[in-house]
Amino acid sequence: MSRRRIAKARHALRLALRLVVWPLQGLALATFWSCCMMISPARAAAFGAGLGRALGPRFRWHRRLRNNLATALPDASGERVAAMAREVWGNFGATVAEYAHLGTIADRAFAEHVEVVVHPGVEIARARGRPLVFVTA
């Protein structure tokens, strides 16, 4: 094939991705989040983790993930790397599932999980109505 035909074929593929595949992926994610919103945040996270562990190894990125884990942990066995990769997918699935409950989690449990420590100088500047300027060294 000529270079021009190859370029046209690549353009057609990119166009198909943008017009067909991406909207279908968005619809799948919206459906997933709708299902997750119907259950509690903890159950949604467990559901997402299970789904991530089941589907993650089927993605093309799984090989890259395993290679990166094997590089980062050269002493780990192949079975250990494979188990860690499945857990990474589970963690990713749980995180994506929790996005449906982000407003609930942030409102209800934000103070339980996050401690905000403010420098006294910031409090003084805020009390005086001065704008806050951050200088990094």
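Reading along the sequence, what we meet in this chain is the pattern α-α-α-α-α-α, that is, six helices and zero strands. Please keep in mind throughout that we are looking at a predicted model.

Let me give the overall picture before going inside. The chain has 137 residues, of which 18% are buried, and it exposes about 11200 Å², with carbon and sulfur atoms supplying 61% of that area. If we take the contacts between residues at least 6 apart in sequence, 66% of them join residues at least 24 apart.

Now to α4, where I would like to spend a little time. This helix has 21 residues and spans 30 Å from its first C-alpha to its last, which is close to the 30 Å expected at 1.5 Å a residue. Its buried residues are Val81, Ala85, Trp89, Gly90, Gly93, Ala94, Val96 and Ala97, and the elements that cover them include α1, α2 and α3.

Which residues, then, make up the largest nonpolar core? There are six of them, namely Phe32, Cys36, Ala44, Val96, Ala97 and Ala100, and the elements that contribute two or more residues to this core are α1, running from 3 to 37, and α4, running from 78 to 98. Apart from this core lies another one, of five residues, including Leu65, Leu69, Val81 and Trp89. As a general point, nonpolar side chains in soluble globular proteins tend to be buried together.

Finally, let us look at Ala44 in the largest core. Leaving aside neighbours within four places in sequence, Ala44 is in contact with Cys36, Ile39, Ala97 and His101.

Key:
Residues numbered from 1 in each chain as written. Predicted model: local features only at pLDDT ≥ 70, side-chain atom pairs only at ≥ 80, totals over all residues. Heavy atoms only, no water. Core = buried A, V, L, I, M, F, W, Y, C linked by side-chain atoms within 4.5 Å. Buried < 20%, exposed > 50% of the residue type's maximum accessible area, 1.4 Å probe, protein only. Helix = DSSP H or I, 4+ residues; strand = E, 2+ residues; numbered from the N terminus. Contact = heavy atoms within 4.5 Å. Areas by Shrake-Rupley, 256 points an atom, 1.4 Å probe, with all protein chains shown as cover. Expected span 1.5 Å × (residues − 1).
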